[in-house]
Amino acid sequence: MKKLIACLVLILSIFTISLFNVKAISYLDRIEKYEITIDPNKDGSLEMEFYIKWQVLNDDIEGPLEWIKIGIPNKYVSNIKALSSNIDDIFYYSDNGSYMRIDLDRRYKAGEVLDIRFSYTQSRMYHLYNNECYYDYKPGWFDEIPVSSATIKWNKSGVTYANNEIENNDYYIWTSPLNPGETITVDVKYDQTYFDNLDPDKQYSDAYMT
């Protein structure tokens, strides 16, 4: 009986591992590059430019790729611009959270790769404390899609602290691959005097319903 139980346990373990491996590699899409460049304005809002290199891996389960949504911090967005020709429409989208919805110019099938670029202005992001203005920014992540390379670039001008060690002449840089559900956290601080007339009533909000 002990040998039978041990055999059954072994079979169950192999079956479970096999299921895990199938699940682990059965992604519908992969993001090769996920880059965000951030330039703060003097009122504390942020100019955000996105570049996403998106690869369609499987179109059998949900069909070809027609639209995507990218997580953003809140509903306080403006100046939304499509910067690549494969974007047919782009707009704010609330779905139990804040997103930028991108409707593509056509249906993209397995094996195709899209270079998606867009920009917008993001408000209600800063916190004020004593004489400091600080940002705690966690870019939207993907629960079911691996990201081969995620890069966040934040303009260095006026920054007194950043929680990283990578930089070039103009930007602090955060970079990492991301498994599904993983995130990057960006912390930066300024003296409030760097900005013009910061409004305490316009500090960070996570509101998403329009």
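The legends below describe close-up views of one predicted model.

**View 1. The largest pocket of the predicted model.**
The space in the largest pocket amounts to about 1,300 Å³. Its lining is made up of 42 residues, and those closest to the pocket centre are Lys-69, Tyr-99, Trp-141, Phe-142 and Asp-143. Five elements each give two or more residues to this lining: helix 1 (2-25), strand 2 (46-56), strand 3 (65-71), strand 6 (98-108) and strand 9 (132-137). Strand 3 supplies the largest share, with 7 residues. Sorted by class, the lining of the largest pocket holds 23 nonpolar, 9 polar and 10 charged residues.

**View 2. The second largest pocket.**
About 160 Å³ of space lies in this second largest pocket. The residues that line the second largest pocket are Asp-43, Gly-44, Ser-45, Ser-123, Arg-124, Tyr-126, Asn-197, Asp-199 and Lys-202. By class, 1 residue of this lining is nonpolar, 4 are polar and 4 are charged.

**View 3. The cavity.**
Rolling a probe the size of a water molecule over the atoms shows where empty space is left. A search of the whole structure turns up 1 cavity of 30 Å³ or more. The largest cavity contains about 30 Å³ of space. Around the largest cavity stand Tyr-34, Pro-139, Gly-140, Trp-141, Leu-178, Thr-183 and Ile-184. The lining of the largest cavity counts 5 nonpolar and 2 polar residues, and no charged residues. Trp-141 appears in this lining, and Trp-141 is also among the residues closest to the centre of the largest pocket.

**View 4. Asp-29, a buried residue without a salt bridge.**
Asp-29 belongs to strand 1, which covers residues 29-40. Asp-29 is buried and has no salt bridge. The nearest side chain of opposite charge is that of Arg-30, 9.7 Å away. A salt bridge needs a side-chain nitrogen of Lys or Arg within 4 Å of a carboxyl oxygen of Asp or Glu, so the 9.7 Å between Asp-29 and Arg-30 does not qualify. What the side chain of Asp-29 does make is a polar contact with the side chain of Trp-54, at 3.1 Å.

**View 5. The salt bridge between Arg-30 and Glu-32.**
The structure holds 7 salt bridges, and one of them joins the side chains of Arg-30 and Glu-32, with an N to O distance of 4.0 Å. Arg-30 counts as partly exposed because its relative accessible area is 28%. Glu-32 is likewise partly exposed, because its relative accessible area is 26%.

**View 6. The salt bridge between Arg-101 and Asp-103.**
The side chains of Arg-101 and Asp-103 meet in a salt bridge with an N to O distance of 2.8 Å. Both Arg-101 and Asp-103 are buried.

**View 7. The salt bridge between Glu-167 and Lys-156.**
In this salt bridge, the side chains of Glu-167 and Lys-156 meet at 2.6 Å, N to O. The pair links distant parts of the chain, 11 residues apart. Glu-167 lies in strand 12 (residues 166-167), while Lys-156 is in the loop between strand 10 (147-155) and strand 11 (159-162). Glu-167 counts as partly exposed because its relative accessibility is 45%.

**View 8. Ser-84 and its polar contacts.**
Ser-84 sits in the loop between strand 4 (77-82) and strand 5 (87-94). With a relative accessible area of 13%, Ser-84 falls under the 20% limit and is therefore buried. The side chain of Ser-84 makes a polar contact with the side chain of Asn-86, at 2.7 Å. A polar atom of the Ser-84 side chain also lies 3.1 Å from the backbone nitrogen of Arg-117.

**View 9. Asn-79 and Asn-130, with positive phi.**
Asn-79 is a residue of strand 4. Its phi is near 55°, a positive value in a residue other than glycine. Asn-79 counts as exposed because its relative accessibility is 52%, and the limit for that class is over 50%. Asn-130 is found in the loop between strand 8 (126-129) and strand 9. Although Asn-130 is not a glycine, its phi is positive, at about 50°. Asn-130 is also exposed, because its relative accessible area is 62%.

Definitions and conventions:
Residues are numbered from 1 along each chain as its sequence is written. This is a predicted model: local features need pLDDT of at least 70, side-chain atom pairs count only at pLDDT 80 or more; totals for chains, interfaces and linings use all residues. Side-chain values use heavy atoms; hydrogens and water are left out. On a 1 Å grid over the protein atoms alone, a cavity is a set of points where a 1.4 Å probe fits but cannot get out, and a pocket is an open set with protein on both sides within 12 Å along at least five of seven lines; lining residues have an atom within 4 Å of a point. Grid points are joined across faces, edges and corners, and a volume is the space filled by probe spheres set on the points. Helices (H or I, at least four residues) and strands (E, at least two) are DSSP runs, numbered from the N terminus. Ala, Val, Leu, Ile, Met, Phe, Trp, Tyr, Cys and Pro count as nonpolar, Asp, Glu, Lys and Arg as charged, and the others, Gly among them, as polar. Buried means under 20% relative accessible area, exposed over 50%, partly exposed in between (1.4 Å probe, protein chains only). Lys and Arg count as positive and Asp and Glu as negative; His and the chain ends are not counted. A polar contact is a pair of N or O atoms within 3.5 Å; within protein, one must be able to donate a hydrogen and the other to accept it, and residues adjacent in sequence count only if both atoms are side-chain atoms.
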